[in-house]
Amino acid sequence: TTASSDDWCHLGSTSGKAGNQTLDVIVDANTDTLSRKATITLENKEHKVTTSIAVSQGAFNPVVTVDTENLNFDAAGGEKFSEIIANCDYNVTTDADWLTIERSLAGIKVVASSYVEVAERTANIIIASEKYNLMHIIKVSQGAFVPELTVMPTTLDFTSDGGDKSVAITANINYEVTENADWLTVEQTSTGIKVTALSYAEVTERTADITITNTKYNRTQTIKVTQGAFKPVLTAEQATLNFTSDGGTQL
């Protein structure tokens, strides 16, 4: 007869007959970090003959590795992949609600949402196996949003006749446009603004400011507007007229 001392060591048969026999020994996977031993006993009770086979199994070596310790995103957000190699179960958590993590057999896909603040933000992704006391932390950073607000040109010069001029505005933020003169009209366009000046009949030039502002990010651009003075003209084509004694008309 055959018997095993431990239930993780299984035998292919419980008995054998005289002669050369093969005994299959099946051992379960060891998920413990300690090695273990068992004894197989073969016994013939009739002749009171006993022999034993010593069985040893090595300890399980749990492994969880990640291919990066840092993930860096710009303000636009996006997704990055981190490969994880493991021979044991593990959990993935994060301390940031602006990160979304999708697991796969190969690792994790980390998705960062877009960011509109002017200070960098950071987070942690924790990969841990509590059973084997293994842990890796991936440091995640997202760069600050850089608000952009530029105008071209920053000066406008009108003649006394008035007219229209265009200003190009490049911005990744919302903005408000104001002017401090009732002789100017500002109209939003697909590329910026169109500035219209009324005609002017005074003999001194006049000036105004157009202000493009975003208060959240404290961004301001100013366009200086100048309209030239009206220049009155009064001339006579002929400075003298000479008539005969007969009189008449001349132009």
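In this predicted model, N133 sits in the loop between β12 and β13. Although N133 is not a glycine, its phi is positive, at about 55°. The residue is also exposed, with a relative accessible area of 71%. The residue just before it in the numbering, Y132, belongs to the loop between β12 and β13 as well, but Y132 is buried.

Y132 leads on to the aromatic contacts. Two aromatic pairs are found in a search of the whole structure. In one of them, the ring centres of F60 and Y132 lie 5.3 Å apart and the ring planes meet at 55°, so this pair counts as tilted. F60 is placed in the loop between β5 and β6 (64–66), while Y132 comes from the loop between β12 and β13 (134–142); the pair therefore ties together parts that are 72 residues apart in sequence. Like Y132, F60 is buried.

The other pair is formed by F145 and Y217, whose ring centres are 5.5 Å apart; with the planes at 55°, this pair is tilted too. Here again distant parts of the chain are linked, 72 residues apart: F145 lies in the loop between β13 and β14, and Y217 in the loop between β20 (206–214) and β21 (219–227). F145 has a relative accessible area of 13% and is therefore buried. Y217 also counts as buried, because its relative accessibility is 11%.

The loop that holds Y217 has a backbone feature of its own. N218 is found in the loop between β20 and β21, and its phi is near 55°, a positive value in a residue other than glycine. With a relative accessibility of 65%, N218 counts as exposed, whereas Y217 is buried at 11%. The loop between β12 and β13 can be described in similar terms, with N133 exposed at 71% and Y132 buried.

The strands on either side of N133 take part in an open sheet. Four strands make up this sheet, in the order β7-β13-β12-β9, and their pairing is mixed. The edges are held by β7 (70–73) and β9 (91–94); each has a single partner strand, so one side of each is left without a neighbour in the sheet. From one strand to the next, the twist averages 20°. At one edge, β9 runs antiparallel to β12 (residues 121–129), and four bridges join the two. Within this arrangement, V92 stands opposite I127 of β12.

Further along the chain, strand β14 (residues 149–152) shows two contrasting faces. L149 and V151 make up its covered face, and T150 and M152 its uncovered one. β14 is joined by four bridges to β16 (residues 163–171), and the two strands run antiparallel. M152, on the uncovered face, has A168 of β16 as its bridge partner. M152 is notable for its peptide geometry as well: a cis peptide bond, with omega about 0°, joins M152 to P153. P153 itself lies in the loop between β14 and β15 (155–158).

A further open sheet consists of three strands in the order β1-β4-β5, with antiparallel pairing. Its edge strands are β1 (2–4) and β5, each of which pairs on one side only. Neighbouring strands of this sheet are turned against each other by 20° on average, direction ignored. Nine bridges connect β4 and β5 in the antiparallel sense. Among the residues involved, L42 has T51 of β5 as its bridge partner.

This sheet also contributes to the largest pocket, whose volume is about 390 Å³. Of the 16 residues lining the pocket, those closest to its centre are T2, G16, K17, Q21 and L42. The elements that give two or more residues to the lining are β4 (36–44) and β5 (49–57). The most comes from β4, which supplies three residues. By residue class, the lining divides into 10 polar, four nonpolar and two charged residues. L42 thus appears in two settings: its bridge partner in β5 is T51, and it is among the residues closest to the centre of the largest pocket.

Definitions and conventions
Residues are numbered from 1 along each chain as its sequence is written. This is a predicted model: local features need pLDDT of at least 70, side-chain atom pairs count only at pLDDT 80 or more; totals for chains, interfaces and linings use all residues. Side-chain values use heavy atoms; hydrogens and water are left out. Two strands pair if DSSP finds at least two bridges between them. Axes are lines fitted to C-alpha atoms, for helices over the stretch in contact, and angles run from 0 to 180 degrees between N-to-C directions. Buried means under 20% relative accessible area, exposed over 50%, partly exposed in between (1.4 Å probe, protein chains only). On a 1 Å grid over the protein atoms alone, a cavity is a set of points where a 1.4 Å probe fits but cannot get out, and a pocket is an open set with protein on both sides within 12 Å along at least five of seven lines; lining residues have an atom within 4 Å of a point. Grid points are joined across faces, edges and corners, and a volume is the space filled by probe spheres set on the points. Ala, Val, Leu, Ile, Met, Phe, Trp, Tyr, Cys and Pro count as nonpolar, Asp, Glu, Lys and Arg as charged, and the others, Gly among them, as polar. Rings of Phe, Tyr and Trp (its six-membered ring) pair if their centres lie within 6.5 Å; planes under 30 degrees apart count as stacked, over 60 as edge-to-face and the rest as tilted.
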